[in-house]
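Colleague: I should be grateful for a close look at the salt bridges of this model, with the placement and burial of the partners. Please add a note on the spaces left inside the fold and on the character of their linings.

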Amino acid sequence: MEIRARGARWSYRTLVAAASAALLGVLLTPAGAEGAPRPAHEAVKVSQPVHSYADAVRESVWVDTGLDGDADGASDRVAVDIVRPAEPDRQGRKVPVIMDASPYYSCCGRGNESQRKTYDAEGNPLSFPLHYDNYFVPRGYAFVAVDLAGTNRSDGCVDVGGRSDIQSAKAVVDWLNGRARAYATRTGTTRVTAGWTNGRTGMIGKSYDGTIANGVAATGVRGLETIVPISAISSWYDYYFQQGAPLYDSGPEWLSDYVESPEARTRCQAVQQRLVDEAPRTGDLTPLWGERDYVKHADRVTASVFAVHGMQDLNVRTKHLGQWWDALADAGVERKIWLSQTGHVDPFDFRRTEWVDTLHRWFDHYLLGYDNGVERAPMADIERAPGQWTTDRVWPPRTTDTTTLRPAPGPSAGAGTLGRAPARPGATAAFTDDPALDEDDWARDIDLDTPAKAGFVTRPLSHDLRLSGSSTVTVTATPSTATAHLSAVLVDLGPDTIRDYNAPGEGITTLTARTCWGPSTPADSSCYRETAPRTAAVGHTVFSRGWADLGTYASAGHGRPLTPGKRYTLTVDLAATDHVVPAGHRLALIVAGTDRGLIDPPSTTPTLTLDLARTSAHLPLVGGARAFTRATTGAAPTDLAPGRSRPDGVAELRRTPPIPGERS
């Protein structure tokens, strides 16, 4: 179904692309200059930097959102800063738009160098963060930077992914397509139209910004042709909780206060209080969270999606990516994906040259209508080792099959076994929650009989084993107290060199040398500091994780007290990943309590006893059960025989602040 739906949409897009290319006057470059390989007799269409960046039009407008979030009796207006090439307007040609809607333009900055917008004495925009304006404006695009309601120069209030946030950006797309009103000033009556654009809009952004792109796409707004969400949230409940387990010690009201302008903090106290009252720290799934769940509206998405995520992102975890990707696939949405080994890092800072080239071709195709082959290129780029990438035609690969593995007691004290055969009836394993320990502590001591975890391992693998997609772990447990939190993690036990995602930079080191991406002005440089992988030698790698409050056993949206001594069954969702466990390594499943720094502990200190015959892991294995059987039979490489796993050189896990923004 996925391929048929995608093929149907490609055919429609190809017709539109051909018509658009004829109207826009396509510039051609020799075959092979950019894009996917093509026959030698064909040319590749590529937009060229033929327009003046220095002479570009720089202006601000205020778009009416139609909402009154701050309850002052007037409709909120959001500030929209625009930079666009002057030449097409004079020639009677209209240009498409690349848009980044953000709450961070004033409070916090964007990108690895925390850039902010700047203005001249009259309030006209001088500089725009990131390279999008420098690179794309000379190539015939407008760049539009939107201040979300309640931030920088906008009216209204921040409501953390709710109606006001999404409408802040959707209204701008509507204005670009002639369906909304804008004004020359924040309070004036002089109307401004967007006669310079054809309305074709692509939204891009990292973290909160990419989240807004997801949310706007989920409205199905006409004119939004593509989105590029980077490390983006797909459901705000899953940012603050996972299955009832609180992930941070604060809620959305803290984030709202953090990003709002000083004047908004004064006028938006009622909105702040609603974020407290309607988002209780109990983890209950209230209507507030339902409004901020974009996954349930994935079937409304008509834009193509180019998703990018770090597989070790512990801020916006890949659960967000996995559930969004799967929902988009079910809806037949055109999509592409990059998965890196980094944490919360922009691809401009971990794969710069390839990123700019790919993004260029992506926007050329979806906004300018160029037939450059980007939609026919492999769907997935995946980082296998620092700086080393592979591709997949479809992701997850078509041979991926969910395979059930089962834990069982081991032959001696320490780790149990993990295989296809179920444990004998009555077999158990127990652990006591220890909030002082984390997933690396558990993995390091996997072969030891320690009280804070239950671990299960395969034999050393004779062949590589690849997991691709989202896993689940079904646990049947008996608690000793009325509250209990669960963690489930998948671990690659064996030596490796990986990006140090726990260290400052989350897998990159920022260098002093700079590279430039387009022309500059005295106020707006296109030159950015280069980066290099920051690596660590490790003895194990935790590559997927998930958490839950056992009290949500009966309802994902409402926790309830547990009865000590009673058995409960719960399925824990694990974050999406694509990881190869090499031959000679072992695959481990660990079930434990509080994962220090990643979830908050329960109000009690429970001991949980697992019924192993009713506990299982459901893993997306490439090649399915046959691949697992092949990898766990035969002789393993002798030069990689595992010993006690030791995280040599890995930074200590840092508690991630509840800010879906720049790296910390």
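Modeller: The salt bridges are treated pair by pair, and the spaces follow.

The model is predicted, so local features require pLDDT of at least 70 and side-chain atom pairs count only at pLDDT 80 or more, while totals for chains, interfaces and linings use all residues. Residues are numbered from 1 along each chain as its sequence is written, and side-chain values rest on heavy atoms, with hydrogens and water left out.

The count of salt bridges (a side-chain nitrogen of Lys or Arg within 4 Å of a carboxyl oxygen of Asp or Glu) comes to 34. One of them joins the side chains of Arg 186 and Asp 155, with an N to O distance of 2.7 Å. This pair links distant parts of the chain, 31 residues apart: Arg 186 sits in the loop between strand 9 (182–183) and strand 10, and Asp 155 in the loop between strand 8 (142–147) and helix 4 (163–176). Helices (H or I, at least four residues) and strands (E, at least two) are DSSP runs numbered from the N terminus. Asp 155 is buried at a relative accessible area of 14%, whereas Arg 186, at 22%, counts as partly exposed; buried means under 20%, exposed over 50% and partly exposed in between, for a 1.4 Å probe and protein chains only. Both residues also belong to a network of salt bridges that links Asp 70, Asp 155, Arg 186, Glu 263 and Arg 267.

A second pair is formed by Arg 384 and Asp 578, whose side chains meet at 2.6 Å, N to O. Here Arg 384 lies in strand 16 (residues 380–385) and Asp 578 in strand 29 (residues 577–581), so that distant parts of the chain, 194 residues apart, are linked. Arg 384 is partly exposed, with a relative accessible area of 24%, while Asp 578 is buried at 2%.

A third pair is Asp 392 with Arg 466, the closest N and O atoms being 2.7 Å apart. Because Asp 392 is in strand 17 (residues 388–392) and Arg 466 in strand 22 (residues 465–469), the pair ties together parts 74 residues apart in sequence. Asp 392 is buried, with a relative accessible area of 12%, and Arg 466 counts as buried too, at 17% relative accessibility.

Turning to the spaces, the whole structure contains seven cavities of 30 Å³ or more. A cavity is a set of points on a 1 Å grid over the protein atoms alone where a 1.4 Å probe fits but cannot get out, a pocket is an open set with protein on both sides within 12 Å along at least five of seven lines, and lining residues have an atom within 4 Å of a point. Points are joined across faces, edges and corners, and a volume is the space filled by probe spheres set on them.

The largest cavity has a volume of about 200 Å³. Its lining holds 21 residues, with Gly 111, Asn 112, Leu 130, Asp 346 and Asp 349 nearest the centre. At least two lining residues come from each of strand 10 (197–206) and strand 26 (527–533). By class, the lining of this cavity has five nonpolar, five polar and eleven charged residues. Nonpolar covers Ala, Val, Leu, Ile, Met, Phe, Trp, Tyr, Cys and Pro, charged covers Asp, Glu, Lys and Arg, and the others, Gly among them, are polar.

The largest pocket contains about 330 Å³ of space, and its lining divides into six nonpolar, five polar and five charged residues.
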